[in-house]
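Me: I have a chain to look through and would like its fold explained step by step. Please keep to short answers.

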Amino acid sequence: MLSQAQTKKADTLTRKYIVLEPRRNKGRTIVIPERKIIKVKTVFDRTYRGKFIIVNDSQIAIYDKFNGEMDTLNLKYISKIRRPTLEYQVLSYYFLANGIGSIIIGAAIIVEFSQTLLGPLIGSIFIASGVPYTILGATVHDGPRYYANKYHFKIVKTKGHKLKPIRLPIKTKPAQEI
């Protein structure tokens with residue numbers, strides 16, 4: 001007969017996260033696990049995108065797959081973090097397809113019925129409805145934005161349990177200390 005210690009596996013794995021805590025007690029704590037793809041903009045207007053690893057308590061390194069190097073960044077120089085996920089990219093492609101489709105249909109209506117008064121009017125309505133979809137699709141692609149003036153960025157290490165990533169901020173009570 002097996003003892004209880006033999007049947008349960010002890011989780012001794014150390015996990016590292018970037019935790020984004022709201023500054024004004026509005027919103028929810030955002031947890032991003034290590035080795036996930038993020039897009040970071042620094043205060044020097046430089047943008048980095050790739051999988052990140054945590055170097056120490058104040059620095060992260062982002063792997064650039066194009067040149068194969070790691071770029072090290074200090075958390076206090078980051079002005080914005082975005083977390084592109086598959087859901088946002090699919091939603092973005094949906095909005096782009098709808099927007100561009102409406103613009104093409106509107107242009108075709110204008111060309112086809114240009115002799116009548118109603119053709120350009122209906123075509124311009126299609127074009128006007130397609131432009132916001134296209135703009136929305138372009139902005140949604142990289143996921144929600146987390147700015148340094150609204151969130152405090154810090155690094156948390158846990159041993160034995162997993163923090164759950166929460167992607168969208170909603171208005172709730174302030175975050176508890178981890």
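The questions below go from the overall fold to single residues, and the model is a predicted one.

Me: How many helices and strands are in the chain, and what pattern does the chain follow along the sequence?

Reply: The chain holds three helices and nine strands. Read from the start of the sequence, these elements give the pattern α-β-β-β-β-β-β-β-α-α-β-β.

Me: What share of the contacts with a separation of 6 or more is between residues 24 or more positions apart?

Reply: The chain has 178 residues, of which 33% are buried. Among contacts with a separation of 6 or more, the share that joins residues 24 or more positions apart is 61%.

Me: Which are the edge strands of the six-stranded open sheet?

Reply: The order of this open sheet is S6-S5-S4-S3-S7-S8, and its pairing is antiparallel. From one strand to the next, the twist averages 40 degrees. An edge strand pairs on one side only, and here the edge strands are S6 (69-74) and S8 (145-147).

Me: Which residue stands opposite Ile-38 in S4?

Reply: S3 covers residues 37-42 and S4 covers residues 47-54. The two strands run antiparallel and are joined by five bridges. Opposite Ile-38, in S4, stands Gly-50.

Me: In the open sheet of three strands, which are the edge strands?

Reply: Three strands make up this open sheet, with antiparallel pairing and the order S2-S1-S9. On average, neighbouring strands here are turned by 25 degrees against each other, direction ignored. The strands that pair on one side only are S2 and S9.

Me: Which residue of S9 stands opposite Thr-14?

Reply: S1 and S9 run antiparallel, and nine bridges join them. The residue of S9 that stands opposite Thr-14 is Lys-159.

Me: Which residues of the largest nonpolar core touch the most other members?

Reply: This core has 19 residues. Strands that each supply at least two of its residues are S1 (14-22), S2 (30-33), S3, S4, S5 (59-64), S7 (78-82) and S9 (151-159). The residues that touch the most other members are Leu-20, Ile-38, Phe-52, Ile-60, Ile-62 and Ile-81.

Me: How many residues are in the second, separate core?

Reply: Val-19, Val-31, Val-156 and Leu-163 are included in this core. The number of residues in this second core is five.

Me: What does Ile-60 touch, not counting residues up to four places away in sequence?

Reply: Ile-60 belongs to the largest nonpolar core. Its partners include Ile-18, Ile-38, Phe-52 and Ile-155. Also touched by Ile-60 are Asp-71, Thr-72, Leu-73, Leu-75 and Ile-78, and the list is completed by Ile-53, Ile-54 and Val-55.

Me: Is H2 roughly parallel or antiparallel to H3?

Reply: The axes of H2 (residues 86-112) and H3 (residues 118-140) come within 7 Å and cross at roughly 160 degrees. Angles over 145 degrees count as roughly antiparallel, so H2 is to H3 roughly antiparallel.

Me: Is the crossing of H2 and H3 left-handed or right-handed?

Reply: Where H2 passes H3, the crossing is left-handed. The hand asked for is thus left-handed.

Me: Is Arg-46 buried, partly exposed or exposed?

Reply: Arg-46 sits in the loop between S3 and S4. Apart from neighbours within four places in sequence, Arg-46 is in contact with Val-40 and Lys-41. Its relative accessible area is 48%, and the range for partly exposed lies between 20% and 50%, so Arg-46 is partly exposed.

Definitions and conventions. Residues are numbered from 1 along each chain as its sequence is written. This is a predicted model: local features need pLDDT of at least 70, side-chain atom pairs count only at pLDDT 80 or more; totals for chains, interfaces and linings use all residues. Side-chain values use heavy atoms; hydrogens and water are left out. Two strands pair if DSSP finds at least two bridges between them. Helices (H or I, at least four residues) and strands (E, at least two) are DSSP runs, numbered from the N terminus. Axes are lines fitted to C-alpha atoms, for helices over the stretch in contact, and angles run from 0 to 180 degrees between N-to-C directions. A nonpolar core is a set of buried Ala, Val, Leu, Ile, Met, Phe, Trp, Tyr and Cys residues joined through side-chain atoms within 4.5 Å. Buried means under 20% relative accessible area, exposed over 50%, partly exposed in between (1.4 Å probe, protein chains only). Contact means heavy atoms within 4.5 Å. Angles under 35 degrees count as roughly parallel, over 145 as roughly antiparallel, 65 to 115 as roughly perpendicular and the rest as oblique. A crossing is left-handed if the near helix is turned anticlockwise from the far one by less than a right angle, and right-handed if clockwise.
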